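I opened my notebook beside the model and went through it contact by contact. These are the entries, in the order I made them.

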Amino acid sequence: MGGAGAQRPGRLMRPGPLASLLWTGLRRNLAMTGAVIVTVTICLAMLGAGLLLRAQVHTIDGFLLDQIEVVVDLSDGITPAERSALEAEMRRDPLIAGVRYETKKQVYERFRRDFRGSPDVVAGVGPEDLPAALRLTLADPRASRDIVVTYTGLDGVEAVRDQRALLDPLYRFLDAFTVGAFTLAAVQALASFALIYTMIRISAHGRRRETAIMKLVGASNGTIRAPFVLESAVAGLVGGLLAAGVLVAAKVFLVDGQFARQTMFPLFGWAPVWESAVVVLAAGMLAAAVMASIALRRHLRV
Amino acid sequence: MIVLSSVSKRYPNGARPALIDVSAEIGAGEFVFLVGPSGSGKSTLLRLLLREERATSGQVIVAGRDVARIADRRVPQLRRIVGCVFQDFRLLPNRTVAANVAFALDVVGRPRHVVRSVVPEVLELVGLGEKADRYPDELSGGEQQRVAIARAFVGRPRVLLADEPTGNLDPTTSIEIMSLLDAVHRAGTTVIMATHNASLVDAMRRRVLELGDGALIRDEAGGRYDQTAPQPLQPSTSPPPSASPPGVVPAQPAGTAPAGEHSPWAAPARSGPVG
């Protein structure tokens, strides 16, 4: 007695009959599938929002890092010798790309230029009130904190100001929202799993005649599981599409429509939106399919 | 085709074993009645052949394979060569007759042109060519069982297990189903039929395996439902092919040649005779 002859193992169902099984399953399970889609959509929209917030942080980084300098205010009593010694030391520092000296007069002029919109502020400050300064451009802008630590307190140095530190509140704000979005996404992912788990249980119950017959006539385990996994993946895909729609709408109405008029910082473009949309779609489908497979281990004995 | 050697089965919570030391050999192309009172282990035996259960001890060999040692993912292959029919038909109510039969081919991935050509043929063979588009609840019990037989046979299994296939049917319909199973047998399929229908067994006079309290108490070629005279328990091999006994509707429609190369029941997909 040889093998099963022409009936090779592991052959999968044709797409037509598989689609018909999938369709009857989705229709029978409409309310449950709808609930899964809603939670998956919220989960993925949060995931996408987190990704876009990170993209915004990067956008601001890219914009500011070119312009940010560390400013070393010099005390009024510094001698020219002390100043040139300080400058020489800075030029040897590998973290520092360039050193530029600004006299009190030049600093005052820059101040008047920066605050030309606020005459009251300018009027209250005289040419002698502001210290002369060394302006440092950094080899690695992210190393600004090390520079601050190194040069603070040296002779003739009054203060070292890191302009990037001024933006800390903004960064903290963006980071907090990113963490919040990812946390919500994780919570929603848990809720989605609970719902998919239940959906599979109900679906396995609704299909028990079909699966019993499939087993009986020798359908492979993969074939028996396929409609369930696909059902969940379709819910994930629909949720992903809706979430991608939410991201596009947020870009059009919230970012371009609102924030663009309220802030001078550059905002992320369309590329991060498309990237996030692709991530959200793929993650939605895959995660839903994997969750369904896990649930099947519990609810479908084959 | 099927070899049972010292097969015992004890269910985890069973008070007594469902099968005790059952040994028998069933050749390819045989027709065997499996009789015995309810609870004697008939269904357990059939479940072992399908690997729905594993024997507690002993060996079950189907088509040359030790059933207990088939890997889980290979079990579907076993079930493709062992068809099954039940007392309660087990049709899908939301599919037509043709779709019920096609389902068995679809889920094992047979190509569409095969499904399209084979399903009407098989429905014709079981006499339901006209009712292909009906739904199961529009059919009589006998017709539903014909659909179930068509579904089991459409994949051309080597073995057909029938678990009380006439249990829900009236005597006349039972005889029709019996002759249908006989036709399946004549097409070269090994058929094992568990039954309580004494008149069918007595009329057919085929090999009878009788179980009592899980033990094989009779193995008789050309036997009757009830043991008439004390019979020594001797394993019988292939019984002589018997003509249709009187009282039973002829297995084949009049004018049809006996099963063979030209029979419509002969499997076109197979190369060479089975077994």
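**Between the chains.** I began with R14(A), which forms a salt bridge with D106(B). The closest N and O atoms of R14(A) and D106(B) are 2.4 Å apart. I keep in mind that this is a predicted model. How many salt bridges does the rule find across the interface of chain B and chain A? I got 1.

Next I looked up the contacts. I found 38 residues of chain B in contact with 27 residues of chain A. The size of an interface is often given as the accessible area lost when the parts come together. For chain B and chain A I noted about 2700 Å² buried between them. Carbon and sulfur atoms carry 55% of that buried area.

**Chain A overall.** I counted 10 helices and 4 strands in chain A. Along the sequence I read the pattern α-α-β-α-β-α-α-β-α-β-α-α-α-α. Chain A has 302 residues, and 43% of them are buried. I also checked contacts in chain A with a separation of 6 or more: residues 24 or more positions apart account for 84% of them. Chain A exposes about 15900 Å², with 64% of it supplied by carbon and sulfur atoms.

**Salt bridges.** Over all chains the count comes to 27 salt bridges. I followed several of them.

In chain A, I looked at E87(A) and R91(A), whose side chains meet in a salt bridge at 3.1 Å, N to O. Both residues lie in helix α3 (residues 80–92) of chain A. They are 4 residues apart, about one turn of the helix. Are the two partners buried or exposed? E87(A) counts as buried because its relative accessibility is 12%, under the 20% cut-off. R91(A) is exposed because its relative accessible area is 52%, over the 50% cut-off.

I also noted a network of salt bridges in chain A. R100(A), E102(A), R110(A) and R135(A) are linked in it.

In chain B, I found R218(B) in a salt bridge with E210(B), the closest N and O atoms being 2.9 Å apart. R218(B) is buried at 2% relative accessibility. E210(B) is buried too, at 15%.

R90(B) forms a salt bridge with D88(B), with 3.1 Å between the closest N and O atoms. Here I wrote down partly exposed for R90(B), at 39%. D88(B) also counts as partly exposed, at 42%.

**Nonpolar patch.** Which residues form a nonpolar patch on the surface? I listed V252(A), F253(A), W270(A) and W274(A). Together they have about 440 Å² of accessible area. The elements giving two or more residues to the patch are α9 (221–262) and α10 (270–299) of chain A. W270(A) lies in helix α10. I marked W270(A) as partly exposed, since its relative accessible area is 33%, between the 20% and 50% cut-offs.

**Also in α10.** R298(A) is found in helix α10 of chain A as well. R298(A) is exposed, with a relative accessible area of 53%. I checked its distance from I200(A): the two are 98 residues apart in sequence and 9.5 Å apart in space, C-alpha to C-alpha.

**Cysteines.** How many disulfides are there over all chains? The count comes to 0. I looked up two cysteines for burial. C43(A) is buried, with a relative accessible area of 11%. C84(B) counts as buried at 9%.

Methods: Residues numbered from 1 in each chain as written. Chains lettered and ligands numbered in written order. Predicted model: local features only at pLDDT ≥ 70, side-chain atom pairs only at ≥ 80, totals over all residues. Heavy atoms only, no water. Patch = residues over 30% accessible without salt bridge, like charges linked within 9 Å, V, L, I, M, F, W, Y side chains within 5 Å. Areas by Shrake-Rupley, 256 points an atom, 1.4 Å probe, with all protein chains shown as cover. Salt bridge = Lys/Arg side-chain N within 4 Å of Asp/Glu carboxyl O. Buried < 20%, exposed > 50% of the residue type's maximum accessible area, 1.4 Å probe, protein only. Disulfide = S-S within 2.5 Å. Contact = heavy atoms within 4.5 Å. Buried area = accessible area lost by both parts, 1.4 Å probe.
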